[in-house]
Amino acid sequence: MRTLIQHTKGRTSRQAHRDIGDLRDDELGRDGFDGRESVLYRRSDPTVFRSEGRFRSTQVDAFELTPDDVTDPAGRPMRLFYNDLVTVWLTRRAQSTPFLMRNVDGDECWFIHEGTGRIETEFGPLDFGPGDYVVIPKAITHRWVITAGPIFGLGFETVGELRAPKYPGLGRHAPFDPDVVRVPEPAQYDGPPDEVELRVKYDGEISKLMLANHPFDVEGWKGDYFPFAFNVRDWNVIMSDSLHLPPSMHVFLVAEGVNIINLLPRPFESVEGVERMPWYHRNADYDEITLIHGGDSLGRPLKKGLIAHDPQGIHHGFPQRARDKSLREWDQHARLNWQIIMLESRQPLKIDPAVAGGSEHQD
């Protein structure tokens, strides 16, 4: 619900997130920055606290996790986080899968952090490399072929259908031109003469089908339901010189209760007095998952492969020292060079027990 009614009480800045002086701006908002919100002007950093119980932020170095598919070609990715609408997976697959796969439980969106390969599908093959999203809609038969591994892929499996959001007022070609989305071309595929093994994920269980004919014998296709790939280098970042735009401006794909978001390199805001670093905030309606794909912040490299979870309603944001540095070194940094992949989930996410033991709590 949006309303034009706004009250201002006490000591505030004239405009939100600008010229805040010695205060700390802390935004509490509904519906992922798209609903009602208030900015609270504090004297101190609200992210400094100790936590007891499940309500806490966590971080995990994904390079220290070992999914089954690291060593076993028939192994499966590792589940990291989950709820009734979305499951977050990690693959470190080193070898190609020796069978075909079909997921009838939901759509799959894989972000490739490292490694190269090809997804073979009944529509045709799709090559992938670092920075690629590979989207495999529900029930499409496919196989992972690894050319330089192990790969590092963060997967989002959604119960609802993944689709592009509406970008009101931005036009057909922003924030990406549909022509840069890569779709498969049918390819001649000479399958083995014997039966082909197909593993099907159905209602959380894996079944095996032995196919007499190879399903990649497709000569052609037409329609609007297909797998595709997209690289973040082709994303057009929406910017403002006078306001740090919230993550909701950078949504790539959506499904029921889920947003997939790109936070990518861009020029810093240039208007004097603007808070360049994301303000302290509590997202009242969405859990947040982030993967650091690369880049730096104010000249300091970000830790690649770090995955973080911030539950809805918890204070989080860059530490105060980063905010002070951004103001102190205003003329030394022209760009914010982060590369962060983000998922918002309207339902609270549970942490898989296998992952929780290796995570760091941010208290």
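**A small sheet and the cavity beside its strands**

About 40 Å³ of space lies in the largest cavity. That cavity belongs to a predicted model, and the structure holds one cavity of 30 Å³ or more. Here is a friendly tour of the residues around this space, followed by the sheet that supplies some of them.

**The cavity**

- The lining of the largest cavity is made up of E27, L28, G29, G32, F33, H281, R282 and N283.
- Two elements, strand 1 and strand 17, each give two or more residues to that lining.
- Sorted by class, the lining has four polar residues, two nonpolar ones and two charged ones.

**The sheet**

- Strands 1 and 17 also appear together in an open sheet of three strands, whose order is 2-1-17 and whose pairing is mixed.
- Strand 2 (37-42) and strand 17 (280-283) are the edge strands: each has a single partner strand, so one side of each is left without a neighbour in the sheet.
- On average, neighbouring strands of this sheet are turned by 20° against each other, direction ignored.

**The pairing of strands 1 and 2**

- Strand 1, covering residues 24-29, runs antiparallel to strand 2, and six bridges join the two.
- For a landmark to pick out in your viewer, D25 stands opposite Y41 in strand 2.

**Putting the two together**

- Strand 17 is a meeting point of both topics: it stands at an edge of the sheet, and it is one of the elements that give two or more residues to the cavity lining.
- Strand 1 likewise is joined to strand 2 by six bridges and contributes two or more residues to the lining of the largest cavity.

Definitions and conventions. Residues are numbered from 1 along each chain as its sequence is written. This is a predicted model: local features need pLDDT of at least 70, side-chain atom pairs count only at pLDDT 80 or more; totals for chains, interfaces and linings use all residues. Side-chain values use heavy atoms; hydrogens and water are left out. Two strands pair if DSSP finds at least two bridges between them. Helices (H or I, at least four residues) and strands (E, at least two) are DSSP runs, numbered from the N terminus. Axes are lines fitted to C-alpha atoms, for helices over the stretch in contact, and angles run from 0 to 180 degrees between N-to-C directions. On a 1 Å grid over the protein atoms alone, a cavity is a set of points where a 1.4 Å probe fits but cannot get out, and a pocket is an open set with protein on both sides within 12 Å along at least five of seven lines; lining residues have an atom within 4 Å of a point. Grid points are joined across faces, edges and corners, and a volume is the space filled by probe spheres set on the points. Ala, Val, Leu, Ile, Met, Phe, Trp, Tyr, Cys and Pro count as nonpolar, Asp, Glu, Lys and Arg as charged, and the others, Gly among them, as polar.
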